[in-house]
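Dear colleague,

Please find below the structure that I am handing over to you, followed by an account of what was found in it. I would be grateful if you could read the two side by side.

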Amino acid sequence: MDTMVATDPLTGYQPRSDDAILERARAFLQTARRRRTVRDFSDRPVPRSVVEACLLAAGSAPSGANQQPWHFAVVSDPDVKRRIREAAEAEERAFYEARAPQAWLDALEPLGTDAAKPFLETAPVLIGIFVQPYTRTPDGKKHTHYYATESVGIATGILITALHQAGLVCLTHTPSPMGFLNEVMGRPAWERPFLLLVVGHPAADVRVPRIDKKPIEEIASFL
């Protein structure tokens, strides 16, 4: 059976002029620039159907050998969110009080972050993103996934963009270590937590730091 198919029906590719391509690229650039990380969330619910659509977009990401080595654990239960907050804040206190070098703390200071993470309970949705280094077949055979971390990173970027496009906001949260997420979210020990994505609507009085992004000259080279 031939597994190769023509691309156009799948990708929706249409020949366009360079001017039309540039216009589309610049329109997306403006959309992307409006995305901001927030730390103050409303408790307004987010429909599961919206989350599912964004996760399916993330699941469309390219991955090594198309092995799709990711799992997204979605939490909306208040008790589970409380347990996640308690465990995360314990790790964050250890980080801020003992583990973080002063240079790191100095870099975080303009962002106004500290060990308190109330958004983990206020936000309606938490998404635990896990890397699957391998899987096992029903007969117990182990199958290694290739470029698993890179693949999950790409999928996460698409997920963040999809949530922004849907009109939601999010926060990438990475308490270190994150092993507690396996237990609280019921994931097997062989999966590796990648990050915790906090998702919802911004609080009415939300404020974000005034930040700049590097210009093209500092992030790219053309050879």
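In what follows, Ala, Val, Leu, Ile, Met, Phe, Trp, Tyr, Cys and Pro count as nonpolar, Asp, Glu, Lys and Arg count as charged, and the others, Gly among them, count as polar. Please note also that this is a predicted model.

With that division, the lining of the second largest pocket holds seven nonpolar, five polar and three charged residues. The volume of this second largest pocket is about 320 Å³. Its lining is made up of 15 residues, of which E92, Y96, L108, H173 and T174 are the closest to the centre of the pocket. Three elements each give two or more residues to this lining, namely α4 (78-99), α5 (102-108) and β5 (169-173).

The largest pocket has a volume of about 380 Å³. Its lining consists of F28, L29, A32, R33, R35, R36, I211, K213, K214, P215, I216 and I219. The elements that contribute two or more residues here are α2 (18-33) and α9 (216-219). Helix α2 supplies the largest share, with four residues. By class, the lining of the largest pocket comprises seven nonpolar and five charged residues, with no polar residue.

I turn now to the sheet. Strand β5, which contributes to the lining of the second largest pocket, also belongs to an open sheet of four strands, ordered β1-β2-β6-β5 with antiparallel pairing. At the edges stand β1 (70-75) and β5, each of which pairs on one side only. On average, neighbouring strands of this sheet are turned by 25° against each other, direction ignored. In general, the strands of a sheet pair through backbone hydrogen bonds, in either a parallel or an antiparallel sense. Here, β5 pairs with β6 (residues 192-200) in the antiparallel sense over five bridges. Within this pair, L171 is found opposite V198 of β6.

Two helices may be described in relation to the sheet. Helix α3 (residues 48-58) lies across β1 and β2 (125-131), and runs at about 165° to β1. Helix α4 packs on the sheet and touches β1, β2, β5 and β6, with a direction that makes about 110° with that of β1. Helix α4 is thus named twice in this account, since α4 is also among the elements that give two or more residues to the lining of the second largest pocket.

With kind regards

Methods: Residues numbered from 1 in each chain as written. Predicted model: local features only at pLDDT ≥ 70, side-chain atom pairs only at ≥ 80, totals over all residues. Heavy atoms only, no water. 1 Å grid on protein atoms, 1.4 Å probe; cavity = no way out; pocket = protein on both sides within 12 Å on 5 of 7 lines; lining within 4 Å. Points joined across faces, edges and corners; volume = space filled by probe spheres on them. Pairing = 2+ DSSP bridges. Axes fitted to C-alpha atoms, helices over the stretch in contact; angles between N-to-C directions. Contact = heavy atoms within 4.5 Å.
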